[in-house]
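Q: Please take a close look at a single buried position in this complex. Start from the residue itself, then work outwards to what surrounds it.

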Amino acid sequence: MPLKTLWHRMGSPRWMYQMSGSWVWVLGVMATVLLIVGSLWGLAFAPADYQQGNSFRIIYIHVPTAIVSQSTYMLLGAAGLVLLVWRMKLADMVLATAVPFGMSMTALALFTGAVWGKPTWGTWWVWDARTTSMLVLLFLYFGLYALRQAIPRQETAGRACAVLALVGVINIPIIKYSVDWWLTLHQPATFKLTEAPAMPPEMWLPLAVNVLGIYCLLGAVVLAALRLEILRRERDTQWVRELVAAR
Amino acid sequence: MSVAGVFVGQLRREFKLLLQSREELANPLIFLFLALTLFALGGGGSPEMLRDFAPAIIWVLVLLANLLALEGLFRRDYDDGSLEMLVLMAEPLFLPVLAKIFAHWIYSGLAMTVLAPLAALILFLPAEVLPTLLLTLLVGTPALSLIGAIGAALTVSLRRGGVLLALLVLPLYVPVLIFGAGAVVEAMAGIENMAQIYWLLVITMVALTIAPFLVSAALKISLEQ
């Protein structure tokens with residue numbers, strides 16, 4: 001029973017604002033600690049790769065950003081579905097605030113990939129399956145951002161973005177598959193991050209820490225932006241006025 | 001009205017309107033050939049180079065010409081209010097939507113497929129891969145019209161939706177381009193390519209199943225403001 005009411009309470013921006021104040025802090029502190037520990041560990045203490053030397057260390061930034069950029073798009077798709085089905089105001093706010101985060105993470109993943117590619121593959125850019133689908137993902141983020149900017153009425157913009165996010169979520173697996181297909185036929189061996197079958201734990205543990213850290217960052221950044229968005233959109237309500245007056 | 005009646009009635013209306021504005025019909029096709037000419041001129045007219053790039057050039061230009069035709073898909077109906085009438089109708093909206101998309105495919109995708117031999121000739125595409133090119137265009141272009149209609153429906157209420165429409169739709173066209181141009185490249189290399197054509201069919205079928213409903217939803221959203 002409490003779970004069932006939780007769903008309804010979560011739809012209320014006011015409840016979300018009051019509850020999320022402490023969540024932002026917890027997630028923010030966790031993200032900071034995990035990312036510092038993981039990055040220091042990975043960059044300074046993990047053993048160097050026997051083939052790539054120290055240049056492999058960029059995976060401690062690259063892989064977490066790449067993973068979280070895809071997860072963020074899935075989050076957008078889920079928010080879009082919730083918005084279209086249940087018309088939850090909060091879902092629209094998530095849809096609006098998570099886009100810049102996902103966009104910057106995708107850009108960062110592409111940038112770190114290029115930096116890693118230069119010493120390893122000898123070139124900044126390769127039309128490799130993964131880089132290509134990340135590039136298309138970046139364009140999908142651009143589209144969502146541009147559509148919201150173009151539609152003046154907020155409610156309409158939200159629902160239009162929800163439809164687009166859903167189409168994108170359906171398309172991402174097809175895009176991934178088509179790009180994989182395109183390359184496996186033309187390029188005999190795709191570059192693998194590790195030639196050795198498995199990384200030793202002292203190499204992948206810091207990576208796992210950073211992946212966890214970046215998910216906490218996703219939560220913290222999106223929640224913090226969400227809180228601002230709630231205040232902005234609900235500025236004419238009684239509770240926001242009282243909140244501002246109390247400060 | 002029956003389900004088929006709504007569909008056929010809408011289709012008939014579309015064709016009547018299209019025949020009244022022939023230039024609108026011809027413009028994307030003229031654009032296709034104009035751009036093909038530009039590619040040939042920019043490439044220095046070298047037959048080897050043009051032949052190697054012909055599958056990519058033809059498919060990319062079909063994508064772009066399709067995009068140009070998309071802008072008008074719902075625009076006129078939106079401007080004169082008949083789109084609102086369609087939404088208010090008792091019958092489900094996806095029927096007239098499907099008819100409109102079908103009409104769009106006839107004068108963009110199908111017309112380009114019919115004219116593709118001419119494009120292949122300009123770019124020195126070997127005659128023996130022509131059937132493959134036509135087949136990929138025939139099964140791939142319906143997906144372009146269906147997916148593109150979602151973008152057109154989302155941007156119909158915006159005054160300057162053109163560039164935005166391209167930004168929304170082109171990333172979604174990527175799989176169609178890869179399988180379409182890929183099949184032709186494989187045919188030129190003499191490799192078995194039916195798998196790509198089946199994939200194009202899959203994309204078209206999935207788009208046919210989902211797109212009409214998403215377009216209907218998007219049109220309702222666009223009409224809200």
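A: The residue is A:Val179, which sits in helix H6 (residues 154-186) of chain A. The model is a predicted one.

Start with burial. A:Val179 has 23 other C-beta atoms within 10 Å. The cut-off for a buried residue is 20 or more, so A:Val179 counts as buried.

Next, its partners. Setting aside residues up to four places away in sequence, A:Val179 touches A:Ala129, A:Thr132, A:Ser133 and B:Ile178. One of these partners, B:Ile178, belongs to chain B. A:Ile230 lies 51 residues from A:Val179 along the chain, and their C-alpha atoms are 39 Å apart.

How far can this region of chain A be trusted? The mean pLDDT of chain A is 86, and 93% of its residues score at least 70. Helix H3 (residues 59-86) of chain A has the highest mean among the elements of that chain, 92. The lowest, 73, belongs to helix H1 (residues 2-10) of chain A. One stretch needs care. Over residues 186-197 of chain A, pLDDT stays under 50. For that stretch the model has eight contacts beyond four places in sequence. Helix H6 of chain A, home of A:Val179, runs over residues 154-186.

One backbone detail in chain A deserves a note. A:Arg87 is not a glycine, yet its phi is positive, about 55°. A:Arg87 lies in the loop between H3 and helix H4 (89-121) of chain A. It is partly exposed, with 13 C-beta neighbours inside 10 Å.

Now cross to the partner chain. Contacts between the chains involve 21 residues of chain B and 23 residues of chain A. On the chain B side, helix H7 (130-155), helix H8 (162-189) and helix H9 (194-224) each supply at least two residues. H8(B) gives the largest share, 10 residues. By type, the chain B side divides into 18 nonpolar residues, two polar and one charged. For the complex, the predictor reports an ipTM of 0.90 and a pTM of 0.90.

The largest nonpolar core has 139 residues. Those that touch the most other members are A:Leu95, A:Val163, B:Ile150 and B:Ala218. H8(B) again supplies the largest share, here 16 residues of this core. Take B:Ala218 as an example. Beyond its neighbours within four places in sequence, B:Ala218 is in contact with A:Ala160 and A:Val163 in chain A. In chain B, its contacts are B:Ile150, B:Ala153 and B:Leu154.

What is the overall build of chain B? It has nine helices and zero strands. Its radius of gyration is 18 Å, close to the 17 Å that the globule rule gives for 225 residues, so chain B is as compact as a globular protein of that length. The C-alpha trace spans about 55 × 35 × 30 Å along its principal axes. Buried residues make up 48% of the chain. Long-range pairing is well represented: among contacts between residues at least 6 apart in sequence, 82% join residues at least 24 apart.

Confidence in chain B averages a pLDDT of 90, with 99% of its residues at 70 or more. H7(B) has the highest mean among the elements of chain B, 95. Helix H1 (residues 3-20) of chain B has the lowest, 87.

Helix H2 (residues 22-42) of chain B shows how one of its helices is packed. H2(B) has 21 residues and reaches 30 Å from first C-alpha to last, close to the 30 Å expected at 1.5 Å a residue. Its buried residues are B:Pro28, B:Leu32 and B:Leu36. An α-helix has 3.6 residues a turn, so residues three or four places apart point the same way. The cover over the buried residues of H2(B) includes helix H3 (47-70) and helix H6 (94-122) of chain B. After H2(B) comes B:Gly44, with a positive phi near 75°.

Chain B also has a positive phi at a residue that is not a glycine: B:Phe124, at about 60°. B:Phe124 is placed in the loop between H6 and H7 of chain B. With 17 other C-beta atoms within 10 Å, B:Phe124 is partly exposed.

Back to the starting point: A:Val179 is buried, and its contacts include B:Ile178 across the chains.

Conventions. Residues numbered from 1 in each chain as written. Chains lettered and ligands numbered in written order. Predicted model: local features only at pLDDT ≥ 70, side-chain atom pairs only at ≥ 80, totals over all residues. Contact = placed C-beta atoms within 7 Å. Helix = DSSP H or I, 4+ residues; strand = E, 2+ residues; numbered from the N terminus. Nonpolar A, V, L, I, M, F, W, Y, C, P; charged D, E, K, R; others polar. Core = buried A, V, L, I, M, F, W, Y, C linked by C-beta atoms within 7 Å. Buried ≥ 20, exposed ≤ 12 C-beta atoms within 10 Å, placed from the backbone. Expected span 1.5 Å × (residues − 1). Rg over C-alpha atoms; globule rule 2.2 N^0.38 Å. pLDDT = per-residue confidence, 0-100.
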